[in-house]
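The following exercises ask the reader to work through one protein chain step by step. Please consult the sequence and the 3D structure while attempting each task.

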Amino acid sequence: MKTLLAVLLALPAIVMYHRVDIAAPSDRISQKLTVSPAQFADELRALQRMGFHTIGIDDLVRDLALHHAPDPHAVLLTFDDGYSDQYSYAFPILRQFGDRATFFVNVGSIGTPRHLTWPDVDTMARAGMSIECHGVSHADLASLSIAAQNYQIDRCVQTLRTRLRSAVLAYAYPSGAFDEQTILLERRAGLVLGFTTDPRLQRDPFSPYEISRIRVVNGMSDAFFGLLLERTRVYVDAGSAKADPPTKP
């Protein structure tokens, strides 16, 4: 239970994508998580029609640090896994509409088949997209030892900081799973926010390291997409959204 000193702020709607492609993979789960470029463009049009605008992780972190409630018409668009179609299809559509998004990447997958390359990542970062951590590999953190978790978190953070020469502020948990040690390691690495894929995995619904997201799936109607944006509200304790100074393990 939060104390009276907690600073609870309503976050903007946070949307989670995985793939935007003209063709869906053969397996059922990937088909569900692959939206067409047409659907993605329709959803960005719906955002504008409803009066929403997109923000980056840096905008959200600034508001929380200042204890400012984020704009209720702001939306944080997030992409997991660093697939190459995010650069080929999602990124051009985002630029067409003047929108920003956050891309959670596995640094060990960059440059491998069907994934983003470093030039892709550099181009998106220069265009105002947020590039954040999804680990080295797509590892379920809750299943790992402390040392293995630290490797996934610290190596990802240090690689992105060195490569992009910018702050790395957030981590999205592969498969959504994490534990208490995960959050301690994130704080030590200088991370401020953590995102899961499923609210059922939250231990503390007000923790800035346990933020849930709206999952977008193939074939979702504009009406249902809009309903989720209007009705979904997540609160976090902004007073605890502070990372400790980064230290070596």
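Five exercises follow, each with a worked solution.

The model is predicted: local features need pLDDT of at least 70, side-chain atom pairs count only at pLDDT 80 or more, and totals for chains, interfaces and linings use all residues. Residues are numbered from 1 along each chain as its sequence is written, and side-chain values use heavy atoms, with hydrogens and water left out.

**Exercise 1. Overall form**

Task: Determine how many helices and strands the chain has, and compare its radius of gyration with the globule rule.

Solution.
- Step 1. Helices (H or I, at least four residues) and strands (E, at least two) are taken as DSSP runs, numbered from the N terminus. The chain has 8 helices and 12 strands.
- Step 2. The radius of gyration, taken over C-alpha atoms, is compared with a globule rule of 2.2 Å times the number of residues to the power 0.38. The chain's value is 17 Å, close to the 18 Å that the rule gives for 249 residues, so the chain is as compact as a globular protein of that length.
- Step 3. Along the principal axes, the C-alpha atoms fill a box of roughly 45 × 40 × 35 Å.
- Step 4. Buried means under 20% relative accessible area, exposed means over 50%, and partly exposed lies in between (1.4 Å probe, protein chains only). Of the 249 residues, 54% count as buried.
- Step 5. A contact requires heavy atoms within 4.5 Å. Among contacts with a separation of 6 or more, 70% come from residues 24 or more positions apart.

**Exercise 2. Salt bridges across the sequence**

Task: State how many salt bridges are counted, and establish which parts of the chain are linked by the pair Arg213 and Asp80.

Solution.
- Step 1. A salt bridge is a side-chain nitrogen of Lys or Arg within 4 Å of a carboxyl oxygen of Asp or Glu. By this rule there are 9 salt bridges.
- Step 2. One of them joins Asp85 to Arg19, with the closest N and O atoms 2.8 Å apart. Because Asp85 lies in helix α4 and Arg19 in strand β3 (residues 19-20), this pair ties together parts that are 66 residues apart in sequence. Both Asp85 and Arg19 are buried.
- Step 3. Arg213 forms a salt bridge with Asp80, the closest N and O atoms being 2.9 Å apart. This pair links distant parts of the chain, 133 residues apart: Arg213 is in the loop between β10 (193-195) and β11 (214-215), and Asp80 is in strand β6 (residues 74-80).
- Step 4. Arg213 is buried because its relative accessible area is 7%; Asp80, at 1%, also counts as buried.

**Exercise 3. A salt-bridge network**

Task: Identify which residues are linked with Arg62 in a network of salt bridges.

Solution.
- Step 1. The network consists of Asp58, Asp59, Arg62, Asp63 and Arg100.
- Step 2. Within this group, the side chains of Arg62 and Asp63 meet at 3.6 Å, N to O.
- Step 3. Arg62 counts as partly exposed because its relative accessibility is 43%, whereas Asp63, at 13%, counts as buried.

**Exercise 4. The interior**

Task: Find which residues touch the most other members of the largest nonpolar core, and which elements help to cover the buried residues of α5.

Solution.
- Step 1. A nonpolar core is a set of buried Ala, Val, Leu, Ile, Met, Phe, Trp, Tyr and Cys residues joined through side-chain atoms within 4.5 Å. The largest has 54 residues, of which Phe40 and Leu160 touch the most other members.
- Step 2. Beyond its neighbours within four places in sequence, Leu160 is in contact with residues including Val105, Trp118, Ile131 and Val168.
- Step 3. In helix α5 (residues 118-126), the buried residues are Trp118, Asp120, Val121, Asp122 and Met124. Their cover includes α4 (85-97), β7 (102-105), β8 (130-133) and α6 (146-164).

**Exercise 5. Positive phi values**

Task: Classify Arg114 as buried, partly exposed or exposed, and state where Arg114 lies.

Solution.
- Step 1. Most residues other than glycine have a negative phi.
- Step 2. Arg114 has a positive phi, near 70 degrees, and lies in the loop between β7 and α5. Arg114 counts as exposed because its relative accessibility is 62%.
- Step 3. His67 also has a positive phi, near 60 degrees. His67 lies in the loop between α3 (57-65) and β6, and counts as partly exposed at 34% relative accessibility.
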